[in-house]
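This explanation leads the reader through one structure, beginning with the ligand and the residues around it. The chain itself is then taken up, with its aromatic pairs and its backbone.

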Amino acid sequence: MSSVLPRAGSRGFFLTFEGPDGSGKSTQLRKLAAHLEATGHSVVVTRQPGGTHVGDRIRAILLDSQTEKLASMTELGLMFSDRAQAIAEVIRPALDQGRIVLCDRYTDSTEAYQGGGRQLGSDVVLRMHGMMCGGLQPDLTILLLADFDRSLARARRRNDRTAAFAPNEGRFESENRDFHRRVYLKYREIAAREPGRVFVIEGDQPIDAIHQQILALVDQKLRALAAVS
Ligand code: TMP
């Protein structure tokens with residue numbers, strides 16, 4: 001595989017990173033963004049919840065462990081409000097300019113956490129996705145799944161480490177083991193349902209080995225897109 005990946009084409013390229021807390025997806029996203037930028041691509045990096053002014057405020061409500069009594073449907077509505085804003089303000093304009101959008105979490109997170117973790121089910125999440133996101137789907141989703149216990153322990157350690165100096169974002173990490181198990185299983189279900197979009201990468205590998213697999217996948221997808229546009 002060449003290290004210079006093909007261009008995104010006029011309709012842009014939308015790539016999302018997914019995985020349970022502590023799966024290492026943000027590290028991989030940063031590495032891919034650096035590689036793409038170094039090879040001359042125009043890249044937009046964003047995350048959910050957050051990534052816009054309004055979204056950062058929504059993120060604070062959603063992730064702060066001081067937030068109490070948030071009904072599951074309110075949580076679901078806020079996740080999609082954040083997403084609708086990000087699509088309008090960041091994702092759509094970037095794709096329309098033919099850029100590559102790398103997004104740390106998207107609707108699969110809502111399906112895994114609110115659909116699975118909170119037990120709202122997939123149906124309500126997918127229906128809201130249709131309404132709030134106009135059905136905008138990623139061209140490619142990288143799903144990092146590491147050993148369940150190791151990634152949960154890693155997420156909790158990170159949260160303890162950062163709690164003293166960063167905003168407290170531990171509301172989901174502090175959920176119990178059963179919640180996180182449901183999230184994990186829902187991710188597996190999504191991957192089995194959509195094998196053409198969602199690629200599972202084994203997260204318990206060296207960072208560089210994962211990075212190489214991601215480069216190969218992105219290369220393959222960009223070539224396929226270039227062939228049809
Ligand atoms: P992160 O930005 O560190 O990945 O944390 C975001 C947290 O928010 C993470 O615990 C997953 C959770 N989340 C949901 O529950 N639903 C969603 O739709 C999204 C985007 C995130």
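The model shown here is predicted. A suitable place to begin is R83, which has a polar side-chain atom 3.2 Å from an oxygen atom of the ligand. Two further side chains can be described in a similar way. In D21, a side-chain N or O atom lies 2.7 Å from an oxygen atom of the ligand. For R105, the distance from a side-chain N or O atom to an oxygen atom of the ligand is 2.7 Å. How much of the ligand does the protein bury? Of the 480 Å² that the ligand exposes when taken alone, the protein buries 92%.

The ligand occupies the space of the largest pocket. Three elements each give two or more residues to the shell around the ligand, namely α2 (53–63), α3 (72–96) and α4 (107–117). Of these contributions, the largest share comes from α4, with four residues. In total, 14 residues surround the ligand, and the closest are D21, R105, T110, Y113 and Q114. By character, the shell around the ligand divides into five nonpolar, four polar and five charged residues.

Attention may now pass to the aromatic rings, of which the structure holds six pairs. One of these pairs is formed by Y113 and F179; its centres are 6.2 Å apart, its planes meet at 55°, and the pair is tilted. Which parts of the chain does this pair link? Y113 belongs to helix α4 and F179 to helix α7 (residues 177–193), so that distant parts of the chain, 66 residues apart, are linked by the pair. Y113 is also among the residues closest to the ligand.

Two details of the backbone complete the account. The first concerns the peptide bond from Q48 to P49, which is cis, with omega near -10°. P49 is located in the loop between β2 (43–47) and α2, and α2 is one of the elements that give two or more residues to the shell around the ligand. The second concerns R105, a residue other than glycine whose phi has a positive value, near 80°. R105 lies in the loop between β3 (100–104) and α4, and R105 is one of the residues closest to the ligand.

How values were computed
Residues are numbered from 1 along each chain as its sequence is written. This is a predicted model: local features need pLDDT of at least 70, side-chain atom pairs count only at pLDDT 80 or more; totals for chains, interfaces and linings use all residues. Side-chain values use heavy atoms; hydrogens and water are left out. A residue is near a molecule or strand if one of its heavy atoms lies within 4 Å of it. A polar contact is a pair of N or O atoms within 3.5 Å; within protein, one must be able to donate a hydrogen and the other to accept it, and residues adjacent in sequence count only if both atoms are side-chain atoms. Accessible areas come from the Shrake-Rupley method with a 1.4 Å probe; for residues, only the protein chains shown count as cover. On a 1 Å grid over the protein atoms alone, a cavity is a set of points where a 1.4 Å probe fits but cannot get out, and a pocket is an open set with protein on both sides within 12 Å along at least five of seven lines; lining residues have an atom within 4 Å of a point. A molecule sits in a cavity or pocket if more than half of its atoms lie within 2 Å of its grid points. Ala, Val, Leu, Ile, Met, Phe, Trp, Tyr, Cys and Pro count as nonpolar, Asp, Glu, Lys and Arg as charged, and the others, Gly among them, as polar. Rings of Phe, Tyr and Trp (its six-membered ring) pair if their centres lie within 6.5 Å; planes under 30 degrees apart count as stacked, over 60 as edge-to-face and the rest as tilted.
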